[in-house]
Amino acid sequence: MTTDMRICALLAVCMTLGAPVRAQDAQAAGGPMSAIDWLSDVIQAPVAPGPEGDDIARSAAPERIEVAPLGQMAIDGVGLLPRNVTGLPRDFWGPTPAETLATLVRAQSPDLIPPARRFLKRILLAELDPPVDADVSHVLFLARLDALLEIGALEDAQALVERAGVTADPDVFRRWFDISLLRRTENRACATLRATPDVAPTFSARIFCLARNRDWPAAALSLETARALGALTPVEADLMARFLDPDLFEEDPFPPVQRPITPLDYRMRAALGEAPAPATLPLAFNHALLGRTQGWKTRLEAAERLTRSGGITPRELFALYLEREPAASGGVWDRVDALQQFDIALLANDADRVARTMPEAARVLRRAGLFDAFASVYGLRVARLDLEGDAGRLAREMVTLTPEAEAFADMLTNPLHAALARGKGAVALANTPLETAVASAFAEGQSQQLPSPYRQLVSEGRFGEATLRALRMLGQAQPDPGDTQTALQILRQLGFESAAREIALALVLQEGRA
């Protein structure tokens, strides 16, 4: 490319951008605080206003007018699950300020036990009336979205954004674009970027999308322009250049990984065969390893990580386990083999064979932190078989971890478990402080005996705030008996009886395994 051509290209781009191009401007422009620190810079920050009275034009582009459609005001209430699915009242958020709710959503612990995590996820995806002070900052919607991204629930997050409208807000669009990168649907994301005049892409996003569209000359020209304008750091520019023409850099050392790595950086490094190890990445990045272009072992290990966090369903994991025969032994291959042997026995309805294969499947999956997932998929089916001994004990433990526990309460040999499955408080049957606290929460009339601050929240209709505070108490790595009792009482007081029972049973079973 000649010097004259580069100057012309530089002038052309400067005339059409009309916004700061440095990635740092996106940080300086402010915006809602995010728990996600790995978002890609794919759209430009709006132009900062000049000093009062300064009417000097900063750009030849038309002035951008900010508008907020009336429907956009309700984005905090957008959801995927209707009331008849969630069981939540439409006024669940009540008079609590959106900022308070957003803070509580972001404060939820990754240590929530599976039934509590499922209940939280139901709240995050619920279609509800927006908070009373909801506005175009969408703080609660963004907090819900970030909570889904933190656990790797990208399919749900993508669907939630698309229900709200991907261009509803620049911060929403950034998340949707990154989700698309990690779910390997970047062609659709790039097409949307090109088709949306209200969204001005950064040079990084522009170059990536031009390359994905095989417009190599335009991508190279954009890279040269970005370098001239100082829009990319040296590491970013080096990575972009390698992405466009890796053959030119065969003998050169690869640029260091910037932390936190963004999905855009990751996709380019992965395309060059230099993706960082999955264990060093946020959970959401494991979705990029689920595609069929990856090796089966890589896909299995990524799916296991996402299942533990609640990012994908256990059924998705076990469907992958059953995809083909294990290639070796040890580690994940032992889990695949054990699950396959058990699944075949169950399909054949062979109780003797199930009794022989289930203990090994349970053992290797429990060791990998996947027993709850195993129980959620197979618990109901094994409970219907006439199993004895170790297999019978396992069947009872597994069905206790399902929403159908109450229907099988008569077969539970642990009297406390049977009582909790029926929603009864049998304090006399408790043997530990935690069991006593859990049983006390289900004692007659106890759901009405909330500590004063929580009783006030409920009386004021702040149901969402009370629920999120209860879940936060349940998220402690070492459950506090007093907090656990209060949290379960709150859930029962608000009518979430099924969730309270599932959480109670999971807590006492977890303590029993320790």
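In this predicted model, helix 6 (residues 139–151) packs with helix 8 (residues 170–182) at an angle of about 20°, their axes 11 Å apart. Because of that angle, helix 6 counts as roughly parallel to helix 8. That pair is a good way into a protein with 25 helices and zero strands. Below you will find two helix pairs, one disulfide and a handful of buried residues to look up in the structure.

**The protein as a whole**

- The protein has 514 residues, and 48% of them count as buried.
- Take the contacts between residues at least 6 apart in sequence: 66% of these join residues at least 24 apart.
- With zero strands and 25 helices, helix packing is a natural topic to begin with.

**Helix 6 with helix 8**

- The crossing of these two, helix 6 and helix 8, is left-handed.
- On the helix 6 side, the residues that meet helix 8 are Phe141, Leu142, Leu145, Asp146 and Leu149.
- On the helix 8 side, their partners are Asp171, Val172, Arg175 and Ile179.

**Helix 5 with helix 23**

- Helix 5 (residues 114–124) and helix 23 (residues 463–474) have axes that come within 11 Å and cross at roughly 150°.
- An angle over 145 degrees counts as roughly antiparallel, so helix 5 is roughly antiparallel to helix 23.
- Helix 5 also passes helix 23 in a left-handed crossing.
- Helix 5 brings Ala116, Phe119, Leu120 and Ile123 to the contact, while helix 23 brings Thr467, Leu468 and Leu471.

**Leu471, a residue of that contact**

- Leu471 sits in helix 23, and its relative accessibility is 0%, so Leu471 counts as buried.
- Apart from residues up to four places away in sequence, Leu471 touches Gln108, Leu112, Ala116, Phe119, Leu120 and Ile123.
- Gln108 is 363 residues from Leu471 along the chain, yet their C-alpha atoms are separated by 7.2 Å.

**The disulfide**

- The structure holds one disulfide, and it joins Cys190 to Cys209 with an S to S distance of 2.1 Å.
- This pair links distant parts of the chain: Cys190 belongs to helix 9 (residues 186–195) and Cys209 to helix 10 (residues 203–212), with the two cysteines 19 residues apart.
- The torsion about the S-S bond of Cys190 and Cys209 is about -75°, and therefore the disulfide is left-handed.
- Both partners are out of the way of solvent in the sense used here: Cys190 is buried, and Cys209 is buried too.

**His287, a loop residue**

- Look for His287 in the loop between helix 13 (263–271) and helix 14 (296–309).
- His287 has 6% relative accessibility, so this loop residue counts as buried.
- From the side chain of His287 to the backbone oxygen of Gly152, the distance is 2.5 Å.
- Gly152 is also among the residues that His287 touches, together with Leu154, Leu182, Arg184, Leu306, Gly311 and Ile312, when residues up to four places away in sequence are not counted.

**Thr307 in helix 14**

- Thr307 has its place in helix 14, and a relative accessible area of 7% means that Thr307 is buried.
- A polar atom of the Thr307 side chain lies 2.7 Å from the backbone oxygen of Ala303.
- With neighbours within four places in sequence left aside, Thr307 is in contact with Arg117, Ile312, Thr313, Pro314, Leu317, Leu370 and Ala373.
- Ile312 turns up in the list for His287 as well as in the list for Thr307.

**Asp343 in helix 16**

- Asp343 is placed in helix 16 (residues 332–347).
- At 10% relative accessibility, Asp343 falls under the 20% cut-off and so counts as buried.
- Leaving aside neighbours within four places in sequence, Asp343 is in contact with Leu322 and Tyr378.
- Between the C-alpha atoms of Asp343 and Leu322 there are 8.6 Å, and along the chain the two residues are 21 residues apart.

How values were computed
Residues numbered from 1 in each chain as written. Predicted model: local features only at pLDDT ≥ 70, side-chain atom pairs only at ≥ 80, totals over all residues. Heavy atoms only, no water. Disulfide = S-S within 2.5 Å. Helix = DSSP H or I, 4+ residues; strand = E, 2+ residues; numbered from the N terminus. Buried < 20%, exposed > 50% of the residue type's maximum accessible area, 1.4 Å probe, protein only. Polar contact = N/O pair within 3.5 Å; in protein donor to acceptor, adjacent residues only side chain to side chain. Contact = heavy atoms within 4.5 Å. Axes fitted to C-alpha atoms, helices over the stretch in contact; angles between N-to-C directions. Parallel < 35°, antiparallel > 145°, perpendicular 65-115°, else oblique. Left-handed = near helix turned anticlockwise from the far one by under 90°.
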